[in-house]
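Student: I should like to learn how to read burial, contacts and cores in a model. May we take one case at a time?

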Amino acid sequence: MTFFVYIHKKATDGRVFYVGKGCRYRHNTKWGRSQYWHNTVNKYGYTVEIVKRNLTEDQAYQLEIQLIKKYKRENLCNFTNGGEGAPGVTVSEQTKALLKKQRQSKKWRENLRQKAIERYKDPDFLAAHKERVKEIASRPEVKVK
């Protein structure tokens with residue numbers, strides 16, 4: 001899987017307010033963002049710019065750290081200095097069992113269903129999802145019926 005680093009800019013003046021690392025459609029989604037990010041978007045609107053594509057996860061983390069450092073004075077919505085993540089983390093058997101039990105609960109499944117419904121109401125997410133489906137369907141190794 002390849003990664004990219006992106007920035008979100010205020011639509012009003014083009015100032016950077018968020019730096020992120022992602023893959024697929026992460027740069028276009030509104031879910032999983034902080035309230036501070038949402039407040040900024042609601043007040044100013046936003047545009048997206050991909051800074052660099054086709055990076056390994058480590059390269060993306062390093063570039064994210066550099067850009068957060070560069071734009072820190074811009075009043076970023078980022079709460080950390082970047083580079084988070086836990087690739088290769090080992091989870092105990094006790095934690096795996098706890099998570100499995102949680103995922104089997106009706107409350108957890110209903111919460112997940114509600115989040116999915118909300119995501120698909122987001123036109124940005126839906127557009128990115130449709131684009132991804134088209135891209136996958138256009139691959140020669142994929143046969144569409």
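Tutor: The dialogue below treats one loop residue and then the nonpolar cores. This is a predicted model, in which local features need pLDDT of at least 70 and side-chain atom pairs count only at pLDDT 80 or more, while totals for chains, interfaces and linings use all residues. Residues are numbered from 1 along each chain as its sequence is written, and side-chain values use heavy atoms, with hydrogens and water left out.

Student: Where does R33 lie?

Tutor: Helices (H or I, at least four residues) and strands (E, at least two) are DSSP runs, numbered from the N terminus. R33 occupies the loop between β2 (16-22) and α1 (35-44).

Student: Is R33 buried or exposed?

Tutor: Buried means under 20% relative accessible area, exposed over 50%, partly exposed in between (1.4 Å probe, protein chains only). At 11%, R33 is buried.

Student: Which residues does R33 touch?

Tutor: Contact means heavy atoms within 4.5 Å. Leaving aside residues up to four places away in sequence, R33 touches Y6, H8, Y18, R26, H27 and H38.

Student: Which residues touch the most other members of the largest nonpolar core?

Tutor: A nonpolar core is a set of buried Ala, Val, Leu, Ile, Met, Phe, Trp, Tyr and Cys residues joined through side-chain atoms within 4.5 Å. Of the 13 residues in the largest one, these are V5, V16, V19, L67, Y71 and L76. Two or more residues each come from β1 (3-10), β2 and α2 (57-71), and α2 gives the largest share, five residues. A second, separate core of eight residues includes F17, V41, Y46 and C77.
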